[in-house]
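Reader: Could you take me on a close look at one part of this model, the second largest pocket and the sheet beside its lining elements? I'd enjoy a connected account rather than a list.

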Amino acid sequence: MADVRKVPVPKEHAADAGLRLVAGERTHLERLRLALDHAPDMLFVIDHAEMRFVDVNQTACDLLGYTRSELLAKSPQDILPHTRAELEQAYAALIGDPSRSSGLTSHYRCKDGSRVPFESKRRAVRGADGRWLIVVASRDIRPMLAATEALRESEAALRRGQAMARLAHAVTDQDGALLRASDNLAHLLGMDPQRLPRTGREWYGLVHPDDHAHFREAAITAARSAAHAEIKYRLRCGDGTWMHVRHLIEPLEPLAADGGRQWFNTLQDITEQVRAEERIARLTRVYAVLSGINGLIVRATSRDELFEAACRVAVEQGGFCMAWIGLVDRDAGLVRPMASAGAVGDFFATAPLAILETRPGGYGLAGRAVRERKPIVSNDVHGDSQRLMKAELAARGIDSVAIVPLIRGEEVVGILALYAAEIGFFDEEELRLLVELAGDIAFGLEHIEKSEKLDYLAYYDVLTGLANRTLFLERTEQQVAAARSSYRKLAIFLMDIERFKPINDALGRQAGDALLTQIAERMRQTGVDPARFGKPAADQFAVLGLDVKSEEALARMVESRLKELFERPFRIAGQELRVSVRVGIAVFPNDGGDAETLFRNAEAALKKAKAGGERYLFHTAELTGQVAERLSLENKLRQALEREEFVLHYQPKIDLETRRIAGVEALIRWQSPELGLVAPGRFIPVLEETGLIQPVGHWALLRASSDYRAWVSQGLSAPRIAVNVSPLQLRQRDFVQRIDEATAGNGRRAGIDLEITESLMMANVADNIDKLNAVRRLGINIAIDDFGTGYSSLGYLARLPVQSLKIDRSFIETMHFDSSAMTLVSTIISLAHSMRLKVIAEGVETEDQAKYLRLLRCDEMQGYLISRPLAPAALVDFLRRDATGEAGASPSG
Ligand code: C2E
Ligand code: MG
Ligand code: MG
């Protein structure tokens with residue numbers, strides 16, 4: 001309707017009221033026309049009788065897409081979804097009551113076929129010509145519909161958003177009473193809408209008791225300051241579960257009509273979120289443990305270290321209140337705690353650790369985890385129906401337990417037990433991590449065992465389990481240090497198997513291995529501490545000998561050990577195999593001051609032994625020579641006894657006063673076919689070391705007894721015979737009995753006395769006193785031989801049942817030119833006399849010595865001055881001469 005003047009008004013409608021242009025009124029009508037055409041609504045005027053449009057405004061044309069003339073050519077039923085009849089009826093109703101208007105909500109069909117929804121107001125008006133016109137004002141309701149739709153959508157979206165965010169809201173008054181609430185509040189709280197809390201007090205009643213304090217505080221602060229506040233707390237839902245809520249309180253403006261403050265409350269269910277946060281915190285803890293332990297696995301060098309540290313990490317980094325690791329001991333049928341951390345205390349005193357269900361304690365979680373090979377969990381130990389140590393757990397503040405098996409290969413080797421102070425700590429995710437952790441620990445265990453195995457390989461011979469060269473030397477070094485500080489000797493024996501290579505080649509490596517294993521086994525059976533064995537090379541064994549007394553003793557030991565080890569044949573691969581070895585020996589300190597040197601020297605000795613064909617060799621060649629000599633001597637002495645090569649010579653003892661024979665001393669000699677007459681100094685020590693002294697000593701007693709009897713039977717005035725007794729003889733339990741037997745004979749007891757060296761008397765005094773007393777009761781006198789060479793005081797000797805004392809030759813020898821020796825001899829004599837002991841001087845060679853001794857009131861003398869030790873026949877001559885008084889006469893007298 002931009003240019004009204006151009007709009008032709010149909011002639012036939014010129015009479016229509018309100019719209020008809022009347023001459024003279026043109027400007028006024030033009031203005032009206034303009035206003036109508038620009039009206040926001042569509043305007044239609046319908047001739048009721050003809051049922052056609054008589055006028056339309058520009059808005060209608062624009063919206064429906066017709067030109068005015070096109071539209072004026074139409075009838076209402078052409079653009080409405082109604083029949084003519086329906087419309088006529090509706091119009092008739094309007095005409096029937098012109099004061100009333102009626103509305104219609106429908107749509108117009110546009111020229112292009114689209115539709116325009118509208119809301120219209122219709123009214124009947126009588127025209128100037130008396131015809132009924134229907135005036136219709138229709139509003140395009142598309143914008144309104146769109147707005148409604150948009151609102152509806154946004155409300156739906158809001159509702160969905162609230163549902164998704166688990167939000168609800170409520171308006172409360174200043175006392176907290178519920179004024180109104182969103183529909184979903186009841187739903188959110190899982191409550192019947194009728195049961196929603198109506199007052200602030202009721203709401204408070206649903207708050208978790210632990211959250212009461214801060215809930216109240218926040219609410220009061222917000223109310224006082226009319227400021228908004230946010231509180232998080234737990235609220236009991238309709239089904240009794242606890243919901244974590246975020247509660248936003250905002251004051252509403254303006255104040256209510258009564259002046260009271262109203263509050264807008266937004267509630268959000270943040271349970272999921274809180275749980276997720278808690279879970280993340282728990283997982284973080286478990287992750288901390290996991291990574292901490294994984295760090296350990298790389299560093300830990302021993303199983304104990306790994307376990308201890310793993311438990312510590314669990315408690316310190318993982319926040320568990322207790323953790324322990326146990327290993328399965330299948331023989332004992334239980335899990336053995338190896339390490340623990342946290343509030344353990346006396347937990348294991350009562351903890352059920354058996355792995356069999358049938359055993360007491362077998363129902364425990366540890367046993368189950370081992371049997372079922374899977375983690376056993378109690379997420380609420382106090383509400384759990386399993387038989388748990390509830391009191392012990394409660395005392396430690398424990399709510400959840402997980403026992404995770406440590407699995408290696410197919411086998412449960414141990415368990416990891418973790419205890420948390422939270423209900424429901426171990427959910428699926430944690431368990432997955434814990435299983436991973438247990439796997440890592442088991443891996444770490446394996447790793448450590450492997451490296452221990454490597455350590456083992458570094459120190460042991462795998463085949464025999466004996467120390468390898470490195471370890472053997474280490475141990476030797478320790479013993480060398482000990483021997484050095486205690487002035488002891490020690491020895492390394494290095495043993496090489498003869499013909500080992502040919503055995504290996506002929507019978508195969510397995511046979512060679514079997515031989516080595518059997519040798520090691522026999523070595524163990526000797527009862528020697530296996531820590532003193534070594535296997536330094538493929539076919540070599542080593543032994544460390546401690547407390548070495550002498551090289552001879554060593555050699556004897558080697559002999560007997562070799563016999564013990566190699567005399568019997570070995571059974572290898574179904575064959576009997578005789579094996580011999582060569583031995584090289586090095587002795588500390590002579591052959592080296594440290595393990596390396598000793599070992600090298602033993603090797604050198606072994607090499608020489610192999611080259612020279614000796615069974616064993618000492619490193620020091622002369623030692624070997626001496627030892628060889630000693631050993632051959634030993635063998636010869638053994639034969640000497642059998643072959644009766646020993647003889648007794650007798651040396652007279654002369655009374656210094658009368659120069660008559662007072663007795664004789666029996667001195668043994670060995671009439672060796674090869675060596676000639678051997679003095680006792682050369683063989684007595686060998687006899688003593690080999691134990692041969694017992695039979696030889698006994699022989700001497702028998703020989704002396706029979707000689708004595710022979711002299712008696714020859715009518716000679718037989719002197720008493722003093723027989724030397726070795727300390728080893730005295731030590732024999734049946735010493736007294738053997739003396740008794742040897743001297744008893746049939747009838748009269750032989751006139752036998754005993755000489756025992758001073759040093760021996762002092763050892764084991766109490767025992768010796770008893771034995772010597774018993775000997776005394778047989779009528780046998782006892783002399784202390786070589787007096788002055790030991791350290792015994794005379795006073796002490798007084799306690800012993802002895803009758804005489806022989807001053808050692810060394811004093812007599814030096815007496816006449818050493819005044820202190822003279823003083824000593826003088827003192828010994830006078831003190832001995834005060835104890836009623838007879839004093840005999842040994843080794844008197846000169847008249848001077850005899851003179852001094854007489855002056856010092858020594859009782860008897862013995863020595864070359866009077867006679868050398870004499871063969872029995874020679875002694876008989878001496879006795880005959882003595883009977884005539886010629887024998888002991890001094891050359892001067
Ligand atoms: P002994 O019991 O002190 O014997 C004295 C030793 O001094 C004897 O040596 C004797 O020959 C030697 N002798 C005696 N007068 C003189 C002298 O004037 N000058 C020198 N230089 N030596 C003298 P022998 O016979 O070689 O015996 C040595 C030791 O052997 C004995 O010392 C004794 O301890 C031990 N012995 C001898 N026979 C036996 C025996 O049958 N059994 C045991 N267990 N030991 C014996
Ligand atoms: Mg003697
Ligand atoms: Mg003597």
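Author: Happy to; here is a walk through the sheet, then the pocket, with a short look elsewhere at the end. Please keep in mind that this is a predicted model.

Let's start with the sheet. It is open and has five strands in the order 7-6-10-9-8, paired in the antiparallel sense. Strand 7 (178–181) and strand 8 (229–236) form the edges, each pairing on one side only. From one strand to the next, the twist averages 30 degrees. At one edge, strand 6 (residues 167–172) pairs with strand 7 through three bridges, again antiparallel. There, A170 stands opposite A181 of strand 7. A helix joins the picture too: helix 9 (residues 212–225) packs on the sheet and touches strand 8, strand 9 (242–251) and strand 10 (263–269). The direction of helix 9 makes about 145 degrees with that of strand 8.

Now to the pocket itself. The second largest pocket has a volume of about 550 Å³. Its lining counts 26 residues, and D175, G176, G200, F215 and A219 are the closest to the centre. Several of the elements you have just met return here: strand 6, helix 9, strand 9 and strand 10 each give at least two residues to the lining, as does helix 8 (200–206). Helix 9 provides the largest share, six residues. So what is the chemical make-up of the lining, by class? The second largest pocket is lined by 14 nonpolar, seven polar and five charged residues.

For context, the largest pocket holds about 990 Å³ of space. It has 39 lining residues, with E665, L667, P680, N724 and D785 nearest its centre. Among the elements that give two or more residues to that lining are strand 24 (661–672), helix 22 (680–690) and strand 28 (782–787). By class, the lining of the largest pocket splits into 17 nonpolar, 11 polar and 11 charged residues.

One last stop, for the aromatic rings: the structure holds 17 aromatic pairs. Take F320 and F426: their ring centres are 6.1 Å apart and their planes lie at 5 degrees, so this pair counts as stacked. F320 sits in the loop between helix 11 (303–316) and strand 11 (322–329), while F426 is in the loop between strand 15 (411–420) and helix 15 (428–459), so the pair ties together parts 106 residues apart in sequence.

Definitions and conventions: Residues are numbered from 1 along each chain as its sequence is written. Chains are lettered from A and ligands numbered from 1 in the order in which they are written. This is a predicted model: local features need pLDDT of at least 70, side-chain atom pairs count only at pLDDT 80 or more; totals for chains, interfaces and linings use all residues. Side-chain values use heavy atoms; hydrogens and water are left out. Two strands pair if DSSP finds at least two bridges between them. Helices (H or I, at least four residues) and strands (E, at least two) are DSSP runs, numbered from the N terminus. Axes are lines fitted to C-alpha atoms, for helices over the stretch in contact, and angles run from 0 to 180 degrees between N-to-C directions. Contact means heavy atoms within 4.5 Å. On a 1 Å grid over the protein atoms alone, a cavity is a set of points where a 1.4 Å probe fits but cannot get out, and a pocket is an open set with protein on both sides within 12 Å along at least five of seven lines; lining residues have an atom within 4 Å of a point. Grid points are joined across faces, edges and corners, and a volume is the space filled by probe spheres set on the points. Ala, Val, Leu, Ile, Met, Phe, Trp, Tyr, Cys and Pro count as nonpolar, Asp, Glu, Lys and Arg as charged, and the others, Gly among them, as polar. Rings of Phe, Tyr and Trp (its six-membered ring) pair if their centres lie within 6.5 Å; planes under 30 degrees apart count as stacked, over 60 as edge-to-face and the rest as tilted.
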